[in-house]
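Please open the structure in your viewer and follow the stops below in order. Each stop names what to select and then describes what is found there.

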Amino acid sequence: MRYTRRLFLIVGLGAVATSLGVVAYETGATKHKLLTDPDGENFIYRNGVITKVG
Amino acid sequence: MIYDFDYLNSQSLPPVAIIGSGPAGVSLSKTLAQHGIPNLILEAGGFDWSDELQETCRGEVVGDEYWELEFSRLKYFGGSSNHWTGFCRPLDSVDFARRDDLEDHIGWPIQKSDLDPFQSDANEILELPSVKERNVDKDLKEVEFAKSPPVNFAEKYRTFFETSDLSHLCLNANVLSLTAENGRVVSIEVSNLAKDTISVRPKTVVLCMGGIENSRLLLWSNEVSPEPIVQRAETLGKYWMDHPHNIGGHVEFTHSVGEFSFPWSYSFFAPTEEAMRRYQILNACVRVRYGREGASQRGIKDFARAAICKSRLLSDVVEETYGKGLTCGTEIELVWEQQARAENRIELSRTKTDGFGVPRPLLYWEKSPLDYRTAKVAMELLGRHLAGTGHGWVRSFDHIIEAKSHPVQGWMAGHHHMGGTRMAERQEVGVVDANLKVFGMDNTYVLGSSVFPTAGHANPTYTIVQLAVRLGRHLALRPS
């Protein structure tokens, strides 16, 4: 029982940390519009990588 | 027959005199011989490299960083075919078309269909198969290049010249200038390295000296001849181009995208005509070399890198955290069409001359905003395709995204000297007409990539040979 609780705690904390990490990464990413998609509706540059939006 | 300058007879020249023995001159000579037309090539060099002659190719470059001019050219029998790589592909239809969506774009006075009939001759001369292409999506196509062995024109055709009764080759015959009278070139001044000089009187003369020397000889002859060779010289030396090269970023494929095979495991992607017009760019080629040689043999570090690189998000995080130690994917080599602009030009130096007293060339060469835009969009088209289909991703380097200047990485351009004596419908905008005859002259032609009004993205030799065969037939069929 004690180990199950610890496991839940570790998994929970890990999930929160991962989410925060992803949010921080997303926030910190450099974003540019594409010349071929100036409104950024479908694609953007994220850290130089041509990325599909959504 | 092959002979030396000392045996050059000023009185009895064959009907066609060709200046230069590179792919253009030799292909023309061979075609003329096939049609029974006697001809003579005047080649500045001998059978081998000569420091003294190579020195005459030296010049100055102003603008973007560029190759030393004497490094790109070879002045002896076979010309630049003595050191070319053999990449071949015909130009696309859109390369010939006038583009009203682009500023100051005149296109060619001929169509692709005018050169297509000469593909089989060009394939035979360059020892090539035909090439294919296929649309990957509406904006992107995969194109194929063929690779010539590469043909060395001196090695392949030496016996031909030694035994031919119609094609003659005069070595060590350096052409210094042309003289015109009454709309004809009446005299060619020729000198050997010992500075012995004679004038020969051609019936027809064809300049096949390369993308710098064709302009240089005409510019210099215009100054020293009592009557100019190019009567309206507003465009002479101008609209000069090369194919800019740059490492544009990285690509990682999670699915195989290229279908064509090519030596060295390259795949080539290019914008479709529709995409070029929609995004107002020139032609371009995104070259991707598949696979890291021996990567799988390097052990756990490369295995871990390959695993991380499969996830773009993970690779981004790792790369940001640990710096530039992690490089995912394969380098993208960009090779693209340069905008034909009057500012990019050959002029004659006012202060420096070569060993024969001819002014050295001065090359102004700079990439334009359209050139940078073309490179950026070409990367985007491959990146959009891969991101949209989930078949991989493209990372463009900052200098590509900013589209203002490119750092020099490896090759800065292709040694493809094009323009300077461009073909056009009217002499106000070009130097030669659709048959490569100098406007206003009865007996003077220019052949080679110097006549290209636009460059496409394909290496120029294939088109040069097509033009040579076409000109050979034209000269053979014209009224004498």
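Select helix α6 of chain B, residues 119-126. In this predicted model, the buried residues of α6(B) are B:Asp121, B:Ala122, B:Asn123, B:Ile125 and B:Leu126. To see what covers these buried residues, add elements of chain B including α1 (23-34), β5 (87-88) and α14 (461-477). Then step past the end of the helix: α6(B) is followed by B:Glu127, whose phi is positive, near 60°.

Next, select helix α7 of chain B, residues 153-163. Which residues of this helix are buried? They are B:Phe153, B:Ala154, B:Tyr157 and B:Phe161. Because these residues cover an arc of only 95° around the axis, they lie on the same side of α7(B). Now show β1 (2-4), α1 and β9 (167-171) of chain B, against which the buried residues of α7(B) pack. Helix α1 of chain B therefore deserves a second look: among the elements covering the buried residues of α6(B), α1 also packs against the buried residues of α7(B). Finally, turn to the face of α7(B) directed away from its buried side, where the exposed residues B:Glu155, B:Thr159, B:Glu162 and B:Thr163 are found.

The following stop is a sheet in chain B. Select strands β10, β11 and β12, which form an open sheet in the order β10-β11-β12 with antiparallel pairing. The edge strands are β10 (174-181) and β12 (197-200), each of which pairs on one side only. With direction ignored, neighbouring strands of this sheet are turned by 20° against each other on average. In general, strands of a sheet pair through backbone hydrogen bonds, either parallel or antiparallel. Look closely at β10(B) and β11 (residues 184-191) of chain B: these strands run antiparallel and are joined by 7 bridges. One place to inspect is B:Glu181, whose bridge partner in β11(B) is B:Arg184.

Now select chain A. Chain A has 1 helix and 3 strands, and along its sequence they follow the pattern α-β-β-β. Of the 54 residues in chain A, 13% are buried.

For the last stop, display both chains. How many residues of chain A are in contact with chain B? There are 13, and they contact 21 residues of chain B. On the side of chain A that touches chain B, the elements giving two or more residues are β2 (43-46) and β3 (49-52) of chain A. Strand β3(A) gives the most, with 4 residues. Coloured by type, the residues on this side of chain A divide into 7 nonpolar, 5 polar and 1 charged.

Key
Residues are numbered from 1 along each chain as its sequence is written. Chains are lettered from A and ligands numbered from 1 in the order in which they are written. This is a predicted model: local features need pLDDT of at least 70, side-chain atom pairs count only at pLDDT 80 or more; totals for chains, interfaces and linings use all residues. A residue is buried if 20 or more other C-beta atoms lie within 10 Å of its own, exposed if 12 or fewer, and partly exposed in between; C-beta atoms are placed from the backbone. Two residues are in contact if their C-beta atoms, placed from the backbone, lie within 7 Å. Ala, Val, Leu, Ile, Met, Phe, Trp, Tyr, Cys and Pro count as nonpolar, Asp, Glu, Lys and Arg as charged, and the others, Gly among them, as polar. Two strands pair if DSSP finds at least two bridges between them. Axes are lines fitted to C-alpha atoms, for helices over the stretch in contact, and angles run from 0 to 180 degrees between N-to-C directions. The arc is that of the directions from the helix axis to the C-beta atoms.
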